[in-house]
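Visitor: Could you show me this protein and tell me how its labels are decided?
Guide: Gladly, let us look together.

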Amino acid sequence: MRRRDLLKNLSLLPVAGAAGAFISTDAAAAPVPAVKRDLFKELGVRTFINAAGTYTFMTGSLMREEVVEAIRSATHDFCLLDELQDKVGAKIATMVHAESAVITSGCFSALTLGLAGVLTGMDQTKVEQLPHLAGTGMKSEVIIQKGHSIGYSHALTNTGCTIVTVETISDVEKAISDKTALLWFLNVQSDKGLINHEQWVALGKKYKIPTMIDIAADVPPVENLWKFNDMGFDLVCVSGGKAMRGPQSTGILMGKKELIAAARLSMPPRGTTIGRGMKVNKEEVLGMYVALEHFVNADHEKEWKEWEGRVATIQTAIKNIPGLTTEVKVPTLGNVTPTLHVTWDKTKLKLTTKDLQEKLRNGSPSIEIVNGGDEHISITTWVMLPGQERIVAKRLSEELAAATA
Ligand SMILES: *Cc1c(COP(=O)(O)O)cnc(C)c1O
């Protein structure tokens with residue numbers, strides 16, 4: 001069906017509030033543009049300027065236009081999900097220096113499915129036995145550093161495995177047994193453990209146990225996409241819907257060919273698996289592919305300068321308020337982006353960080369910032385649309401100025 005016919009047919013549907021939904025223009029040549037439904041408005045869902053960052057509860061990031069276009073273009077045809085994953089996976093593998101790759105439903109699923117692959121290998125019986133490991137001959141333990149144990153390891157226990165925490169290299173060597181399935185590393189906490197990346201990989205190689213790293217929120221820098229594959233991690237897991245601005249529900253599992261092949265036995269379209277609910281549709285697969293392609297080829301220096309420029313706009317608007325201190329910091333691990341920290345003297349500005357957060361949230365337009373406890377608020381500009389920094393600067397200075405009065 002051609003687009004115009006589609007629109008014509010759609011206009012016959014009894015959609016609530018559809019009156020006048022299709023504007024006729026006098027230019028017969030141009031396709032008739034539809035008045036877009038604003039579903040957030042219809043449903044009364046609050047939307048906001050995101051000055052906080054790539055948080056799942058705030059719906060992560062905004063997909064690039066190219067991603068939306070990829071999704072739209074994919075809706076016209078059917079294909080075999082496996083064939084699509086094969087072809088996209090091969091392209092991605094080349095981009096990230098891995099033997100193989102597959103699009104998963106978020107980094108979290110990549111962790112679960114990657115471990116599932118380690119446990120089952122290509123044994124279909126074992127695939128169906130997960131997550132019940134007892135009496136199956138499958139391994140059942142994952143070793144992680146104490147400082148890396150911050151909750152995401154639930155993705156690993158979903159397979160039926162238990163977590164063994166360690167601190168030193170000698171702890172690891174003592175903990176390794178014939179039950180050990182995986183050595184897991186969480187990049188964002190790498191400064192909270194005594195064992196570094198290279199040592200972790202070396203332990204895996206020495207004891208012939210696969211290593212996996214979670215780098216969910218660790219791009220940028222873009223090099224992290226291949227750094228850990230090059231380093232020798234057997235499996236690398238990343239989020240697609242954070243800084244890469246792919247679909248929020250996607251991630252990538254990359255690494256050794258035989259492990260990815262085994263992981264895919266627990267993935268849709270196959271049922272009777274722990275991963276059947278972790279479906280990614282063809283649109284998401286292609287959307288993520290295009291997002292990654294764009295991200296790998298992007299001018300990251302230029303993008304960084306844009307983020308910095310926006311931060312500077314906000315900083316300049318508020319920095320002379322008496323009693324207020326601003327500082328731009330860049331986290332060294334995770335969410336690596338210019339981040340404006342704002343603190344103030346509570347005797348000069350009668351405002352708590354929570355008050356400020358609420359005022360911005362309840363203002364118009366609504367704005368979300370990060371409340372860093374009683375001491376400071378923080379602001380990032382990387383998921384904003386261009387120009388929104390000026391609105392944030394204005395609203396912030398209004399509320400802060402009001403509190404000095
Ligand atoms: C966001 C995040 C995840 C989960 O990633 P999704 O893509 O949302 O599934 C896992 N680990 C860490 C460290 C994260 O920051």
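Guide: Here are some labels and the rules behind them.
Guide: This is a predicted model, where local features need pLDDT of at least 70, side-chain atom pairs count only at pLDDT 80 or more, and totals for chains, interfaces and linings use all residues. Residues are numbered from 1 along each chain as its sequence is written, and side-chain values use heavy atoms, leaving out hydrogens and water.

Visitor: Why is Cys 237 called buried?
Guide: Buried means under 20% relative accessible area, exposed over 50%, and partly exposed in between (1.4 Å probe, protein chains only). Cys 237 has 0%, so the residue is buried.

Visitor: What makes Cys 79 partly exposed?
Guide: Its value is 41%, which lies between those two limits, so Cys 79 is partly exposed.

Visitor: How do you know that Cys 237 forms no disulfide?
Guide: A disulfide is a covalent bond between the sulfur atoms of two cysteines. The rule here asks for a pair of cysteine sulfur atoms within 2.5 Å. The closest cysteine sulfur to that of Cys 237 belongs to Cys 107 and is 5.3 Å away, so this is too far for a bond. By this rule the count is 0 disulfides.

Visitor: What makes the pair between Asp 214 and the ligand a polar contact?
Guide: With the ligand, a polar contact is a pair of N or O atoms within 3.5 Å. A ligand nitrogen is 2.7 Å from an N or O atom in the Asp 214 side chain, so the pair qualifies. A ligand oxygen lies 2.7 Å from a polar side-chain atom of Ser 239, and a ligand oxygen is 2.9 Å from an N or O atom in the side chain of Lys 242.

Terms used: A polar contact is a pair of N or O atoms within 3.5 Å; within protein, one must be able to donate a hydrogen and the other to accept it, and residues adjacent in sequence count only if both atoms are side-chain atoms.
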